[in-house]
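Colleague: Could you take me through one part of this model in some detail? I would like a close look at the second largest pocket and what surrounds it.

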Amino acid sequence: MTFKLNIPPAEINAWAARYRNDYDDRDAERIGAAARSGHHLSRDQFLSLAEWKTKRTKSRCRKNSEEYVRQVTSSALTADEPRFKIQVLRLLDGVDWATASVILHFCDSADWPIIDFRAFWSLGQPAPNQCSYSIWQAYTTYTRDLARDLKVSMRTLDRALWAYSKANQPATSGRVRR
């Protein structure tokens, strides 16, 4: 998979500033800070982040017990192995690649992108129908390198990719929405 930034690099910060979402990022950022400090999520924190990504999985996410959420997120956030981090989060009911990427994005100490059809479009690719670790790895490597080269945080890059797509991507039957 070959990515190519559709946004002029000099406009990244301007697009990031245009980012508007239905959900308050400050809550997600507070949850992330608490998770980095405590090395796990509570069930309520998990449910908030999952809903930040999509409301469609709400009933499935609610099936996870407090202890299960704590153990799974603790395993992911304290692990060193990137593949393990993303894959173990997918053990939670209602969590697939996109929601797992949100948990890592906000809660892990490393920089992780959020998988989203809008971000893929802004990087010159359609969102994959089925994600895989190889796609996740390529996407993560590209966005980390891009953020470093542009001297912006992963959060700034994510906001810019989302906002640019929201303003420019033709309306279609979308994939995962925030």
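Modeller: Happy to. The second largest pocket holds about 180 Å³ of space, and please keep in mind that this is a predicted model. Its lining is made up of Glu 29, Arg 36, His 105, Phe 106, Asp 108, Ser 109, Ala 110, Asp 111, Trp 112, Ser 153, Met 154 and Arg 155. Three elements give two or more residues to that lining: α2 (25–38), α7 (97–107) and α10 (154–168). By character, the lining residues divide into five charged, four nonpolar and three polar.

Two of those helices, α2 and α7, also bring us to α5, since they are among the elements that cover its buried residues. Also included in that cover are α3 (43–53) and α6 (82–89). Helix α5 runs over residues 66–78, which makes 13 residues. At 1.5 Å a residue, α5 should span 18 Å, and its end C-alpha atoms are indeed 18 Å apart, so the two values agree. The residues of α5 that are buried are Val 69, Val 72, Thr 73, Ala 76 and Leu 77. These buried residues lie on the same side of α5, because they cover an arc of only 125° around the axis. The general rule behind this is that an α-helix has 3.6 residues a turn, so residues three or four places apart point the same way.

One last spot, away from the helices: Pro 9 is found in the segment before α1 (12–17). With a relative accessible area of 52%, Pro 9 counts as exposed, because the cut-off is over 50%. Pro 9 and Arg 148 are 139 residues apart in sequence, and their C-alpha atoms are 12 Å apart in space.

Technical notes
Residues are numbered from 1 along each chain as its sequence is written. This is a predicted model: local features need pLDDT of at least 70, side-chain atom pairs count only at pLDDT 80 or more; totals for chains, interfaces and linings use all residues. Side-chain values use heavy atoms; hydrogens and water are left out. On a 1 Å grid over the protein atoms alone, a cavity is a set of points where a 1.4 Å probe fits but cannot get out, and a pocket is an open set with protein on both sides within 12 Å along at least five of seven lines; lining residues have an atom within 4 Å of a point. Grid points are joined across faces, edges and corners, and a volume is the space filled by probe spheres set on the points. Helices (H or I, at least four residues) and strands (E, at least two) are DSSP runs, numbered from the N terminus. Ala, Val, Leu, Ile, Met, Phe, Trp, Tyr, Cys and Pro count as nonpolar, Asp, Glu, Lys and Arg as charged, and the others, Gly among them, as polar. Buried means under 20% relative accessible area, exposed over 50%, partly exposed in between (1.4 Å probe, protein chains only). The expected span of a helix is 1.5 Å times one less than its number of residues. The arc is that of the directions from the helix axis to the C-beta atoms. Contact means heavy atoms within 4.5 Å.
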